[in-house]
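Work through these exercises with the sequence and the coordinates at hand. Try each task before reading its solution.

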Amino acid sequence: MSKDRIIYLPPGETRPTRLPMMPLYRVLARYEDTGKQYSSVEAYMTQGLPLHIHYEHDEAVFLLEGEVEYYCGDAMYRAVPGTFMLLPRGVPHSPRPVGDVTPRVLTIQAPENTRALAGIDPERL
């Protein structure tokens with residue numbers, strides 16, 4: 001890797017995005033930053049997400065704070081800090097925060113998903 005691809009983000013800083021995403025979503029690495037390999041986001045999960053499927057990417061999730069129930073396929077998993085999950089493309093899933101602490105997660109999407117997260121149609125870029 002060349003030095004021009006090194007990213008250093010102090011706490012609270014994010015990579016530039018077309019739409020404001022802070023403070024709930026902190027973009028750590030964009031698709032463009034990683035040679036079109038993956039993107040990474042730190043997110044606060046203030047509410048659950050409906051059951052959905054990613055058809056274009058796998059999603060790796062590492063829980064940093066709080067607790068989350070993940071419904072994946074026909075199983076339910078309870079994640080606590082330090083839990084890692086790999087959600088392959090095509091698997092229906094729905095995360096839901098539980099407990100008193102707002103969950104904070106680190107996600108990696110491969111090949112990427114920050115443009116979809118921001119509501120941007122990748123075909124229009």
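**Exercise 1. A charged pair across two strands**

Is R78 buried, partly exposed or exposed? Then find the acidic partner of R78 and place both residues in the fold.

*Solution.* The model is a predicted one.
- Step 1. The relative accessibility of R78 is 46%. Buried means under 20% and exposed means over 50%. R78 therefore counts as partly exposed.
- Step 2. The side chain of R78 forms a salt bridge with that of E67, at 2.8 Å from N to O.
- Step 3. R78 sits in strand β5 (residues 75-79) and E67 in strand β4, so the bridge ties together parts that are 11 residues apart in sequence.
- Step 4. E67 has a relative accessible area of 29%, so E67 is partly exposed.

**Exercise 2. The strand order**

In what order do the five strands of the open sheet run, and which strands stand at the edges?

*Solution.*
- Step 1. The order is β1-β2-β8-β3-β6, with antiparallel pairing.
- Step 2. β1 and β6 each have a single partner strand, so they stand at the edges, with one side of each lacking a neighbour in the sheet.
- Step 3. From one strand to the next, the twist averages 20°.
- Step 4. Strands of a sheet pair through backbone hydrogen bonds, either parallel or antiparallel.
- Step 5. Now count bridges. β2 and β8 (residues 104-110) pair over six bridges. β3 and β8 are joined by seven. β3 and β6 pair over four.
- Step 6. Check the register at single positions. A43 stands opposite V105 in β8. F62 faces F84 in β6. E65 has R104 of β8 as its bridge partner.

**Exercise 3. The salt bridges of R104**

Which side chains meet R104 in a salt bridge? Locate each pair and grade the exposure of the acids.

*Solution.*
- Step 1. Take E42. The side chains of E42 and R104 form a salt bridge at 2.6 Å, N to O. E42 is in strand β2 and R104 in strand β8, 62 residues apart.
- Step 2. E42 has a relative accessible area of 11%, so E42 is buried.
- Step 3. Take E65. The side chains of E65 and R104 form a salt bridge at 3.4 Å, N to O. E65 lies in strand β3 and R104 in strand β8, 39 residues apart.
- Step 4. E65 has a relative accessibility of 32%, so E65 counts as partly exposed.
- Step 5. Widen the search. The whole structure holds 10 salt bridges. R15, R30, E32 and D33 are linked in a salt-bridge network.

**Exercise 4. The nonpolar core**

Which residues make up the largest nonpolar core, and which strand gives the most to this core?

*Solution.*
- Step 1. The core has 12 residues: V41, A43, M45, V61, L63, V68, Y70, C72, A79, M85, L87 and V105.
- Step 2. Sort by strand. β2 (39-44), β3 (58-65), β4 (67-72) and β6 (84-87) each supply at least two core residues. β4 gives the most, with three.
- Step 3. Follow one member. Beyond its neighbours within four places in sequence, V68 contacts residues including M45, L63 and A79. Among the other contacts of V68 are P95, P97 and P103.

**Exercise 5. Backbone exceptions**

Where does the chain have a cis peptide bond, and which residue has a positive phi although it is not a glycine?

*Solution.*
- Step 1. Recall the background. Most residues other than glycine have a negative phi, and most peptide bonds are trans.
- Step 2. The bond from A110 to P111 is cis, with omega near 10°. P111 is in the loop between β8 and α1 (114-117).
- Step 3. K36 has a positive phi of about 65°. K36 lies in the loop between β1 and β2.
- Step 4. K36 has a relative accessibility of 55%, so K36 counts as exposed.

**Exercise 6. Ahead of the sheet**

Where does P23 lie, and is P23 buried or exposed?

*Solution.*
- Step 1. P23 belongs to the segment before β1 (25-29).
- Step 2. The relative accessibility of P23 is 62%, so P23 counts as exposed.
- Step 3. Relate P23 to E13, 10 residues away along the chain. Their C-alpha atoms are separated by 9.6 Å.

Note on methods. Residues are numbered from 1 along each chain as its sequence is written. This is a predicted model: local features need pLDDT of at least 70, side-chain atom pairs count only at pLDDT 80 or more; totals for chains, interfaces and linings use all residues. Side-chain values use heavy atoms; hydrogens and water are left out. Buried means under 20% relative accessible area, exposed over 50%, partly exposed in between (1.4 Å probe, protein chains only). A nonpolar core is a set of buried Ala, Val, Leu, Ile, Met, Phe, Trp, Tyr and Cys residues joined through side-chain atoms within 4.5 Å. Contact means heavy atoms within 4.5 Å. Two strands pair if DSSP finds at least two bridges between them. Axes are lines fitted to C-alpha atoms, for helices over the stretch in contact, and angles run from 0 to 180 degrees between N-to-C directions. A salt bridge is a side-chain nitrogen of Lys or Arg within 4 Å of a carboxyl oxygen of Asp or Glu.
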